[in-house]
Amino acid sequence: MTSKIFRSTVFVAVVVLLCSLGIVMGVLYRHFTGVQVQQLKEELSLAVTGTEQYGNAFLENVEADRFRVTWIGTDGTVLFDTQVDQTTMENHADREEIREAFETGFGSAVRTSSTLIEQTYYEAQKLQDGTVLRISTNQESAWALMIDMLWPVILIAVLAIGLSAFLARRMAKRIVEPLNQLDLEQPLKNETYKEISPLLRRIHRQHNQIVQHMDELRRKADQFQQITAHMQEGLVLLDSEGNVLSINAAAKELFEAEDDSIGKNFLMIERSGAMRTAVNDALDKGRGYAKTNRNGRNYQFDLSRIESNGAVIGAVILAFDITERLNAEQLRREFSANVSHELKTPLQGIIGSAELLESGMVKPEDEARFVGHIKKEASRLVSLIEDIIRLSQLDEGVELPKENVDMLELAEDVKAILEASAAEKQVDIVISGKGFRVEGVRGMLHEVVYNLCDNAIKYNVPGGIVTIHAENNRLVVSDTGIGIPAKHKDRIFERFYRVDKSHSKASGGTGLGLSIVKHAVAYHNAEIQLESTPGKGTAITIQF
Ligand code: ADP
């Protein structure tokens, strides 16, 4: 700003200076030239009178310091000159002022020297005898005057520049000072030049818009932070150079990234070759994938390129924990294999017995035994299929109607059903506790109590006791049976897992009972606990 004001001031000062100088000089020059010509004319008139009266004698006495007088004969030859020997001078007939004087009686001319420094003014008058008297004087030309004025002009110009610089600095300071003190947070509250009011109004409008945009951005950033912070999946945003723009808590933990990882190249945080390829694939081709195993868990990374207006601006990395999925897949595979095996075994038994009967190799007295075997295997098959159906229903997580179930009543029902098989094994079923009610699926809860009780009878000893205790939202089924060795405790809830396969099969077990219990308990948001001592007995507690 200072330099702009300076330039303008200098320009104005120099232009004004030059113009005024030009005008003043022009006017003065014209004025003095007029005075000079007038004097010249007066001197000429005196000289004419003198010459007409006294001829050469007058001219010889003329003082020739200021003016030069030349007398020219009628043929143009110089008769006398106050400065130069007239015999050396050429004919003057063709000189403009002489020619004019011969023609009209008076003539005048101005001639500039070859150097342009000097100008000569000539005035000529025809005498009565036909000769012409000419008077001339030299004067500095306007150009010479200008050259003379050069130094004063330069001096004044330097002064003007200095003064302009000083003024420019002062003006800029005085103009800028109130501008610097503007409160741009509240533009309309400023009291300053009214010329900048439109600007302040615009700043006010833009300020409001910026505040709104900033609020909006902050809100969106907060939302993004909130959402990503609570995401189970790891989320990393990269710029087009692969530097981290954002990394959520899950990703930080997974990649063991430091707090200052923002701005760092992601491949410095995760150095695996698979990730390098995946990042390059995402940035080059649009998508990238990688898998890794960390601390015993399996992760899958899905990378996608982010584009804006056709330009690649970065990539997003989503990290999923796929351990459960892989485990479930593994379990499903195992389950299918187990189911096939479990179904095949009774079927083979049935086919074997049927073939023997068919071949007539079985003695008539043994036939009933074989048919009984077929029946037993077939009913095992049915209960196996029923259990599988129940489990798959539980797996599908079908929402079933709930009702208020009295657990003590349920225990009584189960006792009534199992009483016969308990008696067969010489086991007593005892029900105790004040009971409680559960908001649940009656069929499922019945299954839970039935399976636990059934196991407590199956794996009991003659003379043993099964107790169903229901109180304080807690159901405990305990027995005085064979117990479960510690190493099997964690596994008996797995599908088809049995501690003693032959014992389980002999007592009609499918190996799915406790799996169904586990699922049904989880369905009711309850917890299951197992305590068992081999040779002493087992207690399974369900806390609703
Ligand atoms: P199964 O049909 O074989 O009984 P479960 O899933 O009900 O299958 O039980 C799994 C295994 O857990 C059984 O095979 C048995 O070895 C063991 N088990 C279950 N309940 C008891 C119990 N009350 N006492 C001892 N062992 C038990």
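**View 1. Gln119 in strand S4 and its side-chain contacts.** Gln119 has its place in strand S4, which covers residues 118-126; here helices (H or I, at least four residues) and strands (E, at least two) are DSSP runs, numbered from the N terminus. The residues are numbered from 1 along each chain as its sequence is written, and the side-chain values use heavy atoms, with hydrogens and water left out. The model is a predicted one, in which local features need pLDDT of at least 70 and side-chain atom pairs count only at pLDDT 80 or more, while totals for chains, interfaces and linings use all residues. Gln119 counts as buried because its relative accessible area is 14%, where buried means under 20% relative accessible area, exposed means over 50% and partly exposed lies in between, with a 1.4 Å probe and protein chains only. The side chain of Gln119 makes a polar contact of 2.5 Å with that of Tyr29, and another, of 3.5 Å, with the side chain of Tyr121. A polar contact is a pair of N or O atoms within 3.5 Å; within protein, one atom must be able to donate a hydrogen and the other to accept it, and residues adjacent in sequence count only if both atoms are side-chain atoms.

**View 2. Ala124, a second position in strand S4.** Ala124 also has its place in strand S4, and it is buried because its relative accessibility is 1%. Although Ala124 and Gly107 are 17 residues apart along the chain, their C-alpha atoms are separated by 4.9 Å.

**View 3. The ligand and the residues around it.** The ligand sits in the largest pocket. A pocket is found on a 1 Å grid over the protein atoms alone, as an open set of points with protein on both sides within 12 Å along at least five of seven lines, whereas a cavity is a set of points where a 1.4 Å probe fits but cannot get out; lining residues have an atom within 4 Å of a point. A molecule sits in such a place if more than half of its atoms lie within 2 Å of its grid points. There are 20 residues around the ligand, and those that come nearest are Tyr459, Ser504, Thr510, Gly511 and Leu514; a residue is near a molecule if one of its heavy atoms lies within 4 Å of it. By type, the shell divides into eight nonpolar, eight polar and four charged residues, where Ala, Val, Leu, Ile, Met, Phe, Trp, Tyr, Cys and Pro count as nonpolar, Asp, Glu, Lys and Arg as charged, and the others, Gly among them, as polar. Helix H12 (442-458) and helix H14 (513-523) each supply at least two residues of this shell, and H12 gives the most, with three residues.

**View 4. Polar side chains beside the ligand.** An oxygen atom of the ligand lies 2.8 Å from a polar side-chain atom of Asn455. A nitrogen atom of the ligand is 2.9 Å from an N or O atom in the side chain of Asp479, and a polar side-chain atom of Thr538 lies 3.4 Å from a nitrogen atom of the ligand. Taken alone the ligand exposes 520 Å², of which the protein buries 97%; such accessible areas come from the Shrake-Rupley method with a 1.4 Å probe, and for residues only the protein chains shown count as cover.

**View 5. Asn451 in helix H12.** Asn451 lies in helix H12 and is buried because its relative accessible area is 11%. The side chain of Asn451 reaches the backbone oxygen of Gly513 at 3.2 Å.

**View 6. Asn472 and Asn473 in the loop between S14 and S15.** Asn472 lies in the loop between strand S14 (465-471) and strand S15 (474-479), and Asn473 lies in the loop between S14 and S15 as well. Phi of Asn472 is near 50 degrees, a positive value in a residue other than glycine, and phi of Asn473, also a positive value in a residue other than glycine, is near 60 degrees. Asn472 counts as exposed because its relative accessibility is 63%, whereas Asn473, at 35%, counts as partly exposed.

**View 7. Val37 in helix H1.** Val37 is found in helix H1, which covers residues 2-54, and it counts as buried because its relative accessibility is 18%. Val37 and Ser8 are 29 residues apart in sequence, and from C-alpha to C-alpha they are 43 Å apart in space.
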